[in-house]
Protein chains: 2
Amino acid sequence: MKFKRTERIGAIVKILSDNPNKIYTLSYFTEKFNAAKSTISEDLLVVKNVFEKLQLGKVITISGAAGGVKYIPKTSKEENNSFLMELCEKISSNDRILSGRFLYLIDLIYDPTVVAKVGKIFASNIDYSEADYVVTMETKGIPMALMTSKAMNLPLVIIRKDIKVSEGPTLSMTYVTGDNSKVQSMSLPRKAVKPGSKVILIDDFMRGGGTIKGMTQLMTEFGAEVIGTGVFITTSTPTEKLVDDYISLIEIDTEGNEINVKPNLKTFNYEYREDEIEEVMEHADEDEIDE
Amino acid sequence: MKFKRTERIGAIVKILSDNPNKIYTLSYFTEKFNAAKSTISEDLLVVKNVFEKLQLGKVITISGAAGGVKYIPKTSKEENNSFLMELCEKISSNDRILSGRFLYLIDLIYDPTVVAKVGKIFASNIDYSEADYVVTMETKGIPMALMTSKAMNLPLVIIRKDIKVSEGPTLSMTYVTGDNSKVQSMSLPRKAVKPGSKVILIDDFMRGGGTIKGMTQLMTEFGAEVIGTGVFITTSTPTEKLVDDYISLIEIDTEGNEINVKPNLKTFNYEYREDEIEEVMEHADEDEIDE
């Protein structure tokens, strides 16, 4: 079968885009499209250009014997801005506030489109070049951790709260929540993480940092090292967390009468426009807690 | 900014492919690429052709006021064949057999590449045209349920085993496992599923069918209807399951001395080549259970 240039380019984009961080050799494409190396090289230049021009991520060339091309997901400043602002507006909506001052968030953190974007943002802002696994703890962080592992092309590891005998020999330990109020347990099969590994931790929510600290200790028990941590939402208090080396996308303040939700500026190395932040804050101010 | 045809086509493929089952209007693309409607229409014809020719799924046009184009993920026979055969080989590998005749599978069912493909296969073989949600029960089915919900462009709902007060008013019930050996509980916030909804159930493993039956009963309590069920692995015994309307991708027989793993032929409406099945079965026969 023969392919036109436009068809080859469409197909290359689809293949690279579906498989982030996976290296494809030039011969993979020459065989698939029954085309010369020079033809595919020209196609790849166009593909690179598409990704750059539309800020869809990066397509890079790796030289050498194991060489080829791969697609690295990267979100743009504009994309992060509008996505996080929109999320903050949704989160600060009045009907999310439950009695006990909890926020109903599972429709957002299970939404495949939202978590796909969150995964790409984590992959754009955490250095995973040396990582072997993405690690999360059940349950609510799993969807975004999976999408992060997809963007990073790394296996996902899920720490369980209970011991599951059906997974073989398992390492279990307890940890204390950030506010010292509870002792929780976590467990993971011995086979799940190889000694000497480097891991990225992902979780949906952090108040005191007890869970992330516990996960870090569990990794130490496996002889593994945490080299990056991504949290979706952090609370503004306590200001002192049990962990300090993490990025978080959204900060929530539920201490006062209003719930304030804002994108976490510290995470990104660029400034938000003042009016964008103002807009979100104003919106949040309108929401009175109904108790 | 102006775009060349090849660039527009690359970009359209990326956008459609990243957002399955989402409708994009012609004007979305004319504005994005600063191009005439006729130009974009021609681009879309090329894009359709790429997807057809390389069996990457379908791009369809929806006419009318809410019209536009959307991408529907579809896996090809060849893709299903080679993917499931490869998985069956991996599953029947000797080092997966744990004491108690359990199989270690979490590296596979948490693998982002594996579950992305599983999600596309479910979306290709379950009719979700009227569905409102994809529903699963924690924990091991979550990754493949998320990828199914992404392919179907539907929200994901996760049933919890414990009651979580932090999610607001919650409906809880008990169910009996398929072999009548255990009573388990499941719970879901009232807000998670709207009355009158239609849902697709996804789970990683089914022996007797008790969990799927329990999930179906829970959906009835929500006034929702199950219109399709996808299970990754079923066991060959008991042959009589508590549910009958489901598709399953892989069947495991752990009753004899050997563990037999094979693609579940009933799921697909086409025949597997005899030699492909033979090959997998032979491989499985070599694995003696080490007890």
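These are my notebook entries on the contact between two chains and on the nonpolar cores of a predicted model.

**Entry 1, the contact between chains.** I looked up the residues that join the two chains and found 44 residues of chain A in contact with 44 residues of chain B. I then listed the elements of chain A that give two or more residues to this side: the helices α1 (5-18), α3 (37-53), α5 (106-109), α6 (112-125) and α7 (142-152), together with the strand β4 (156-159). The largest share, 10 residues, comes from α1(A). Sorted by class, the side of chain A that touches chain B holds 24 nonpolar, 12 charged and 8 polar residues.

**Entry 2, symmetry.** I superposed chain A on chain B; a rotation of 180° with 0.0 Å of shift along its axis does so at an RMSD of 0.0 Å. I therefore record the relation as that of a two-fold axis. The same surface serves both copies, as 98% of the contact residues of chain A recur in chain B.

**Entry 3, the cores.** I turned next to the interior. In soluble globular proteins, nonpolar side chains tend to be buried together. Here the largest nonpolar core has 120 residues, and A:Val135 and B:Val135 have the most contacts inside it. I followed B:Val135 and, leaving out residues up to four places away in sequence, noted that it touches B:Val157, B:Ile159, B:Val199, B:Ile200, B:Leu201, B:Met215 and B:Met219. A second core, separate from the largest, has 36 residues, among them A:Phe3, A:Leu56, B:Phe3 and B:Val13. I note that this second core includes residues from both chains, such as A:Phe3 and B:Phe3.

Key:
Residues are numbered from 1 along each chain as its sequence is written. Chains are lettered from A and ligands numbered from 1 in the order in which they are written. This is a predicted model: local features need pLDDT of at least 70, side-chain atom pairs count only at pLDDT 80 or more; totals for chains, interfaces and linings use all residues. Two residues are in contact if their C-beta atoms, placed from the backbone, lie within 7 Å. Helices (H or I, at least four residues) and strands (E, at least two) are DSSP runs, numbered from the N terminus. Ala, Val, Leu, Ile, Met, Phe, Trp, Tyr, Cys and Pro count as nonpolar, Asp, Glu, Lys and Arg as charged, and the others, Gly among them, as polar. Copies are superposed by least squares on the C-alpha atoms of residues with pLDDT of at least 70 in both. A nonpolar core is a set of buried Ala, Val, Leu, Ile, Met, Phe, Trp, Tyr and Cys residues joined through C-beta atoms within 7 Å. A residue is buried if 20 or more other C-beta atoms lie within 10 Å of its own, exposed if 12 or fewer, and partly exposed in between; C-beta atoms are placed from the backbone.
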